[in-house]
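This briefing goes through selected features of the structure below, grouped by topic.

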Amino acid sequence: MRLLPIVLLACAAVPVWAQSAMEAPPAWAHHAVWYQIFPERFRNGDASNDPTVASMQGAWPHVAPERLEAAGWQPTPWTHDWYEQEGWAKALGEDFYTTVQLRRYGGDLQGVIDALPYLDSLGVTALYLNPVNDAPSLHKYDARAYRHVDVHFGPDPDGDRATIAAEDPADPATWRFTAADSLLLRLIDEVHMRGMRIVLDYSWNHTGVTFWAWQDVLAHGRASRFADWYEIERFDDPATPDTNEFAYRGWAGVAELPELKKVDKTGDPAEGIPFDGDLHPEVKAHVFAVTRRWLDPNGDGDPSDGIDGVRLDVAEMVPLGFWRDYRRFVKGINPEALLVGEIWWQRWPDVMMDPRPYLGDVFDSVMNYRWFMPTRSLVTGHDSMTPSRYAAHLDSLTAGIDAAHREALMNVAATHDTPRLTTSLFNGDKRYKYRATPRDEPDYRIAAPDDRTRRAQRLLLALQFTLPGAPHVFYGDEVGMWGADDPDMRKPMVWTDLDYAPEQADPFGRPRPVDSVAVDANLLGFYRDLVGLRRQYDALFATGDFRWTVTDDARGLLGFRRTLGDEAALTILNLSTRPQVLEIEPGYVLVLGVGVGFQAGNSLRLGPRSATVLIR
């Protein structure tokens, strides 16, 4: 199948709406090596706070608590075979892809704190945590409250619920810090003591159906003081016998995610024209209050005890007018705070969004999914992606983006919203995201990747860590985890101190190989080497000169040079299945090799499907 059209090629002429003021991102963003954590699946540091049947109510698939309790629901053991249904799941009589959404593993903030030595040893410099706000789902994008950490991420769920119940959620003066909130503040301190940064994930586009304001709307209808907070299309009319008149807009049609009210909205992202306008003023004030709470927790004007930025979910659905005001507000509290927008699809699933209108006076960075698409094609050998096409394609994607923002782009290879890196490469001839699961493509491969895929992963990583942009690691990719699209990419993290059941079950009962689940020490070592290079050599992360040095389609050679002052980094890939010899400039020393023969003077001998990084 053709993959390339999914990527939006930039036009030579930059539209007027894309020419926003270029406010530089904070300098630390150029140096960032990102590590993304999905908290519920990262590490269970405190078994006493694990989720309960009651805490899950309001999240899909809405199984009645009495039914779950009768089935014997309990948190799933961390080392459980992913596709093997638990006893309670079998008792429910539902298929795997329904019951897996009812799983909870108990990952929490104490688990993140406990893992900080590991993250430090990996060398990452910036942590991006998926939502930690209080919510009934495993993913937490269906907020029950923005202002508090999920009670099951902290040490005292019952006490936290009592604290939350005593507040007026619409009045920030009544807000207190719960035990879970305080644990987040401790995590922030410990991250900062290690010289790292930490960014939290929020969606200001929608809430969950258990959100306090939405619950008031459901209770009081049109008379609710929060009725104007949401995109409500129709209220029930008590004068009519019809009880199903209430209608509202949910994000992407998802009823569990009612959208917050936008005002004076213009534009259409599906046509390449970003939304402009604002959020409802009361919603905006609430969002600002929550943001201030975590940027400056003590409220003393010193943001050093707060988070270092915000990753903003489905950002293209929120008007630019709001985002510009939000940027001014955030930067007024902490000028060094980073704003990262999730700018992804323009027309699902065919065209990706052009990020240029969202950089400068809107965000400092975006999640650079567009980088991954052609790179995946290049290293897997699909879609006729040659070195010269690849170079031209990447140049088109960065056209009109200044060097400072180009260096700050979050270059993602996998996230909580995509198949894991190894599985995506293992299925390189299939779709990247949309329906990339065995539910939709029966021959989609869900087993452990083969050796060829692992080699392709190393080639891609060599590019990710040496091209302009900030490399991003999705938790577990560094230890070799695999998994298809949602929910399979959200498996529990694989740790060396746990013994995992082999993965041998299949969601449809089909035969499959038995795969051992354990840390891939060699792959982990390779990630550490790449992170070390990235941190050691300024030419790999600072804004300098970038040039393609070789795009030889006949021999399958791709190379580029990055230069800063007297230092230069040279990356060369041999994408062919034959050894190659390449003459390079004098003065370079080989510092990293994947399948490399050897360097003899200025003659570089490259093994088949190999990558090298050299430094001068």
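The notes that follow cover the sheet, the nonpolar cores and one loop residue. The model is predicted, so local features need pLDDT of at least 70 and side-chain atom pairs count only at pLDDT 80 or more, while totals for chains, interfaces and linings use all residues. Residues are numbered from 1 along each chain as its sequence is written, and side-chain values use heavy atoms, leaving out hydrogens and water.

**Sheet**
- Eight strands (DSSP E runs of at least two residues, numbered from the N terminus) form an open sheet with parallel pairing, in the order S14-S11-S10-S5-S2-S1-S16-S15.
- Strands S14 (365-366) and S15 (410-411) are at the edges with a single partner strand each, so one side of each has no neighbour in the sheet.
- S15 and S16 (residues 470-474) run parallel and are joined by two bridges, where pairing requires at least two DSSP bridges.
- Methionine 410 is opposite alanine 470 in S16.

**Nonpolar cores**
- A nonpolar core is a set of buried Ala, Val, Leu, Ile, Met, Phe, Trp, Tyr and Cys residues joined through side-chain atoms within 4.5 Å.
- The largest one has 165 residues, and Tyr35, Trp204 and Tyr326 have the most contacts inside it.
- A second, separate core has eleven residues, including Ala568 and Leu614.

**Serine 576**
- Serine 576 sits in the loop between strand S19 (567-574) and strand S20 (580-583).
- Its relative accessible area is 9%, so serine 576 counts as buried (under 20%, with a 1.4 Å probe and protein chains only).
- The side chain of serine 576 makes a polar contact (N or O atoms within 3.5 Å, one able to donate a hydrogen and the other to accept it) with the side chain of asparagine 574 at 2.7 Å.
- The serine 576 side chain also reaches the backbone oxygen of arginine 578 at 3.1 Å.

Definitions and conventions
Buried < 20%, exposed > 50% of the residue type's maximum accessible area, 1.4 Å probe, protein only. Helix = DSSP H or I, 4+ residues; strand = E, 2+ residues; numbered from the N terminus.
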